[in-house]
Amino acid sequence: MSPTPPLFSLPEARTRFTKSTREALNNKNIKPLLSTFSQVPGSENEKKCTLDQAFRGVLEEEIINHSSCENVLAIISLAIGGVTEGICTASTPFVLLGDVLDCLPLDQCDTIFTFVEKNVATWKSNTFYSAGKNYLLRMCNDLLRRLSKSQNTVFCGRIQLFLARLFPLSEKSGLNLQSQFNLENVTVFNTNEQESTLGQKHTEDREEGMDVEEGEMGDEEAPTTCSIPIDYNLYRKFWSLQDYFRNPVQCYEKISWKTFLKYSEEVLAVFKSYKLDDTQASRKKMEELKTGGEHVYFAKFLTSEKLMDLQLSDSNFRRHILLQYLILFQYLKGQVQDHKHSLVLCLQTTPMMQKVLLSENPPDGERFSKMVEHILNTEENWNSWKNEGCPSFVKERTSDTKPTRIIRKRTAPEDFLGKGPSKKILMGNEELTRLWNLCPDNMEACKSETREYMPTLEEFFEEAIEQADPENMVENEYKAVNNSNYGWRALRLLARRSPHFFQPTNQQFKSLPEYLENMVIKLAKELPPPSEEIKTGEDEDEEDNDALLKEHESPDVRRDKPVTGEQIEVFANKLGEQWKILAPYLEMKDSEIRQIECDSEDMKMRAKQLLVAWQDQEGVHATPENLINALNKSGLSDLAESLTNDNETNS
């Protein structure tokens, strides 16, 4: 018979696990727990539950012995490692955290919660999230109930930020889906006018009969005189507004809405009439920074009558009130569709006054106002998301199964090739079909004379041959062969049409213009000279008549003729650097002037480009007279007089 396996014993297993936990805590290593877990007899669930109890027992002893937070956190770290190794349940670290935060004072809870914040990535992993999210939420809510919103403001904010990082954006557990208000937040103030002390001179000490918390007001801040006239009516109306901020639904009642408007007009009139001094506020802020004093924030207002003057003179207090107005109006604007037109009209105009007052409130009122406006706009987006049912921000991945594609039958050639006597080929587009069917045979279309774009040697080199003739006396810098663009096209044309291009030669040319000059001379000898027209007697008579007309032509008539290329060339040399002064008076745009500057760095060339552009723009109106008028308007009278003399000389 086979030996019976040892049975699971809870006391023995718990003792061994407790001993191993102590050993692992001292060594800062989980290996003793892994070894004991493999040696203890029993099922997986039995051993996991026993180890969970051992963890809680060791933690309890550490808390009773007032051990340091490091030992406590080390036990929780061992529990996290145990979950990763699969030797304890996934909820164990969260149960231990809950025990620790319930037993320790708040100052040590701060250290423990820092550990919780640092391990937010661990809590969000698949192993821990589903098992621990409810534990963490309950733990944070218990902590918030223990903390004071006025004294532990930073700690409360850290808890809220942790929850925001832990849960996804679409999590509804932290949302106010019903748009309920905290109606328990009641502001208590003096409602008995007979007991009011406003308007009376106080001889007693200001702290007598006042409930002032530490840090709210100091002896140095007490004003010697009352800067804002305050009576009981203003005091009562001011604090009565808090009830509307607490429960905005009242504004939908006719009487309550009129009361709210009346009270608001008086309070805002006080804010508008008695503006705070930016210099004083800045000085106070600098003094606080120098002394190193921390800003003290209180979540609840103090409603003592004696504090009213100080509160209205405080820029932060005014900001609180104006911000409450903007939040209230944002809520009313979102729910205003089913209510009366007067409410709609008021909500369109009143919030603008609050924004103006908020921007005028020192210090940095404009910056603070823009920040508030940005926050409220963001809040509107969240409200829209909530009203749409809080849809998830995570897009679902589409299924791997791809939709079956509809297999199209391949078009047969006879469906798109030409049909009928015309054999018109359809290209799928009206314009493409027209272009394709201009010529049925593609090769014939390519050989068409209309597609011959290459010029003949006579046409292309006619200008260069004329310039090469010494009788024409053309300077080298103005010859076409010196133009690089012309030279590149000339080489391509010679390669296609001239036999001289491929003939070997012993001559060595240093530059392309020199080679082209030699080729032009050869071509001039081979090409036939241009045919001279035979002048008849009638033509000679017409030329004589034209010459007589030109002699008797008045100077004014000559001025009305467009300028010639020769006149532009001569005048451009005189204009030179002053071309930019003349350009606006020739109605040249800034973009055209910049283009001229980019095209050339030579001032004479820029002047020539300006005059040529003006000639192209004006056409027949590009006359010397118009150019002279433009010169006089631009203040270039000397050049205008010179151009006038040149015209008279040429005539």
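What follows is a walk through the cores, a few unusual backbone spots and the cavities of this structure, which is a predicted model.

The inside is a good place to start. In soluble globular proteins, nonpolar side chains tend to be buried together. Here the largest nonpolar core takes in 53 residues, and those touching the most other members are Phe-55, Ile-76, Ile-112, Trp-123 and Phe-162. The biggest giver to this core is helix H4 (residues 69-85), with ten residues. A second core lies apart from this one; it has 33 residues, including Tyr-235, Tyr-244, Phe-271 and Ile-321. Back in the largest core, Ile-76 is worth a look: setting aside neighbours within four places in sequence, Ile-76 is in contact with Pro-93, Leu-96, Leu-97, Val-100 and Phe-115.

Some loops hold backbone oddities. Lys-28 is not a glycine, yet its phi is positive, at about 55°. This residue sits in the loop between helix H1 (10-27) and helix H2 (31-39). With 56% relative accessibility, Lys-28 counts as exposed, because the cut-off for that is over 50%. His-66 is another non-glycine residue with a positive phi, near 55°, and it is found in the loop between helix H3 (44-64) and H4. His-66 also counts as exposed, its relative accessibility being 72%. Further along, the peptide bond joining Pro-362 and Pro-363 is cis, with omega about -10°. Pro-363 belongs to the loop between helix H15 (341-360) and helix H16 (365-387).

Then there are the holes. Searching the whole structure turns up four cavities of 30 Å³ or more. The largest has a volume of about 90 Å³, and its lining brings together Phe-271, Lys-272, Lys-275, Leu-276, Arg-318, Leu-322, Leu-357, Glu-360, Asn-361 and Pro-362. Helix H11 (254-273), helix H14 (315-334) and H15 each give two or more residues to that lining. By type, the lining is a mix of five nonpolar, one polar and four charged residues. Two familiar names turn up here: Phe-271, a member of the 33-residue core, and Pro-362, from the cis bond, both line this cavity.

The second largest cavity holds about 60 Å³ of space. Around it are Val-563, Gln-567, Ile-568, Phe-571, Leu-611, Trp-614, Pro-624, Leu-627 and Leu-643. Helix H25 (565-575), helix H28 (603-618) and helix H29 (624-633) are the elements giving two or more residues, and H25 has the largest share, with three. This lining counts eight nonpolar residues, one polar and no charged.

Notes:
Residues are numbered from 1 along each chain as its sequence is written. This is a predicted model: local features need pLDDT of at least 70, side-chain atom pairs count only at pLDDT 80 or more; totals for chains, interfaces and linings use all residues. Side-chain values use heavy atoms; hydrogens and water are left out. A nonpolar core is a set of buried Ala, Val, Leu, Ile, Met, Phe, Trp, Tyr and Cys residues joined through side-chain atoms within 4.5 Å. Buried means under 20% relative accessible area, exposed over 50%, partly exposed in between (1.4 Å probe, protein chains only). Helices (H or I, at least four residues) and strands (E, at least two) are DSSP runs, numbered from the N terminus. Contact means heavy atoms within 4.5 Å. On a 1 Å grid over the protein atoms alone, a cavity is a set of points where a 1.4 Å probe fits but cannot get out, and a pocket is an open set with protein on both sides within 12 Å along at least five of seven lines; lining residues have an atom within 4 Å of a point. Grid points are joined across faces, edges and corners, and a volume is the space filled by probe spheres set on the points. Ala, Val, Leu, Ile, Met, Phe, Trp, Tyr, Cys and Pro count as nonpolar, Asp, Glu, Lys and Arg as charged, and the others, Gly among them, as polar.
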